[in-house]
Amino acid sequence: MNKSLKTFLKAAFPGQYELLRDGYIHRKRLQRKREEYEKCRLPERACHLHGLFIRHDGGVYPCCLIWNDPDMRIGHINDPDIYEKIAVFQEQCYCKNYKLRKTFPGEKASYELLNIEVSLACQGKCVMCCVGAPDWHGEYNYYDEVTRILERCKPERIVIQGGEVLIQKKTLEWLHKTRKRFSTEFSLVTNGNAGMEMIDVVEDLFDEVCVSIVGFEPETYRKTMGMEMSATIRFCEELAKRGKVRVYPKYLMTPTGIHESDLFLNWAISTGFKTVFLAEADIISYLNMETPDQFWQKIIDRTGQDVRAMLIKNRNKMMEKRVVIDCESAVTGLFGITDEFIAKNGLEGIVVRSERGMGIVKVTGLG
Ligand SMILES: C[S@@+](CC[C@H](N)C(=O)[O-])C[C@H]1O[C@@H](n2cnc3c(N)ncnc32)[C@H](O)[C@@H]1O
Ligand code: SF4
Ligand code: SF4
């Protein structure tokens, strides 16, 4: 929040706004947030001792679900006391899995995951890009600082995302050096819109790759992502065929591509990927669900029907090949993939509901 807006809020609404780290928050919203936190009964965890998300601007956060919430910014990677800030971090936050608590006295960090967002440079032009990559013109140069934090935290897994890592020369050079220094799993979140010459590079640098796909007809993909779909499909299929890295295609639903979800699923299952992510870009916020003809409800219902039919048809194949379809709960809600549907059709363990799909980056903070 800029300084003049803060001054304005303070002067125009005395006593109604409270300063919270980087910005002012309306007292009523704050009160609601605190009440909801108090009521939450999920497992409590000092999330900042299990994972960190390091933004392209050097901001340090406890996870990638709240990367956009200024209250959840622990500090900057260059802060001399960043590890103390991490240790004493305390905020009211919860999601579908955990309730954040402060560090217990003497509690040690044990990092499962460090999620590193490097430069936002990207060849894609996604209309919904949550990090604003198509309009970003900055410079990224936190490679040394990130290396130091990786050395200190020794995470079990490192996720790298951008922007688009596969077009970033400096990031790839850094990764070539860094990969050799850590005996840890390296994962990439990518648009996969790369030439075949990048296959060897990906196999050298990563253990697993999540490929984000937005739209599953060439024209939808082109209009939504600003690239050619055939390149991504070829890239994914070749990586899967060679079998050196684990490939997870992730379908991100938007209004222009929701009705193509079953086409994506059909391809993903028949190509033989072991884990397939279904996510959505806060789709309801784009749609007018109140029109007299119920246009969008009908599109969603018809697609839900096709997606459910696709799951039933492929049940035995998925069971045999141990395929997992990992859906955000918003997706199962939209498509009527209820617990009853899963149980009735023997899809337990095949269709799972989670919010922790690799590379999930939410548009807004929670709370
Ligand atoms: C910002 S992208 C960066 C990595 C890479 N360029 C890609 O697209 O996979 C990281 C993840 O955020 C997802 N994403 C982008 N915009 C989103 C939005 N508005 N809502 C939810 N997820 C979004 C992408 O699909 C991708 O899986
Ligand atoms: S969003 Fe969930 S995992 Fe992330 S810090 Fe909050 S409680 Fe922890
Ligand atoms: S490919 Fe990824 S980073 Fe690039 S514009 Fe699309 S969502 Fe944003």
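A residue counts as buried if 20 or more other C-beta atoms lie within 10 Å of its own, as exposed if 12 or fewer do, and as partly exposed in between. I start with that cut-off because N345, my first residue, has 15 C-beta neighbours inside 10 Å and therefore counts as partly exposed. Please keep in mind throughout that this is a predicted model.

Staying with N345: it sits in the loop that links α13, residues 339–344, to β15, residues 351–353. Which residues does N345 contact, once its neighbours within four places in sequence are left aside? They are I312 and R315. R308 is 37 residues away from N345 in sequence, and the C-alpha to C-alpha distance between the two is 9.8 Å.

Now the sheet. It is an open sheet of eleven strands with mixed pairing, and the order is β6-β5-β4-β8-β9-β10-β11-β12-β13-β14-β15. Which strands stand at the edges? They are β6, residues 75–76, and β15; each has a single partner strand, so one side of each is left without a neighbour in the sheet. For β15, a pairing is with β14, residues 324–327, in the parallel sense and over three bridges. Within β15, V352 is the bridge partner of D326.

Next, the run from β8 to β11. As general background, strands of a sheet pair through backbone hydrogen bonds, either parallel or antiparallel. Here, β8, residues 113–117, pairs with β9 in the parallel sense over five bridges. L114 is placed opposite I158 of β9. Together with helix α4, residues 143–153, these two strands form a right-handed β-α-β unit.

From β9 the chain then passes through helix α5, residues 169–181, to β10, and that β-α-β crossover is right-handed. The pairing of β9 with β10, residues 185–190, is parallel, over four bridges. On that pairing, I160 stands opposite L188 of β10, and R157 has E185 of β10 as its bridge partner.

One step further, β10 and β11, residues 208–213, run parallel and are joined by four bridges. L188 comes up here once more, with V209 of β11 as its bridge partner. The chain gets from β10 to β11 through helix α6, residues 198–205, in a right-handed β-α-β crossover.

Is β9 mostly covered or mostly open? Strand β9, residues 157–161, is mostly covered, with four of its five residues buried. That leads to the core. In soluble globular proteins, nonpolar side chains tend to be buried together. The largest nonpolar core in this model has 87 residues, and those touching the most other members are I54, Y61, I116, I160, V209, V247 and Y251. Take I116 as an example: beyond its neighbours within four places in sequence, I116 contacts I54, V146, I158, V159 and I160.

On to the ligands. Ligand 2 is surrounded by 13 residues, and C47, C63, L65, C93 and C95 are the closest. By class, that shell has eleven nonpolar residues, one polar and one charged.

Around ligand 3 we find C122, G124, C126, C129, V131, A133, P134, G162, G163, E164, N191 and M225. How many nonpolar residues does the shell around ligand 3 have? Seven are nonpolar, four are polar and one is charged.

Two of the residues around ligand 3, G162 and G163, deserve a separate remark on backbone geometry. Most residues other than glycine have a negative phi, and most peptide bonds are trans. The bond joining G162 and G163 is a cis peptide bond, with omega about 20 degrees. G163 lies in the loop from β9 to α5.

Last, two residues other than glycine with positive phi. D282 has phi near 45 degrees, and Q294 has phi near 55 degrees. Where is D282? D282 lies in the loop between β13, residues 275–280, and α10, residues 295–313. Q294 also lies in the loop between β13 and α10. On the cut-off I opened with, D282 counts as partly exposed because it has 14 C-beta neighbours inside 10 Å, whereas Q294, with 12, counts as exposed.

Key
Residues numbered from 1 in each chain as written. Chains lettered and ligands numbered in written order. Predicted model: local features only at pLDDT ≥ 70, side-chain atom pairs only at ≥ 80, totals over all residues. Near = placed C-beta within 6 Å. Nonpolar A, V, L, I, M, F, W, Y, C, P; charged D, E, K, R; others polar. Core = buried A, V, L, I, M, F, W, Y, C linked by C-beta atoms within 7 Å. Contact = placed C-beta atoms within 7 Å. Pairing = 2+ DSSP bridges. Right-handed = clockwise from strand over helix to strand, strands pointing away.
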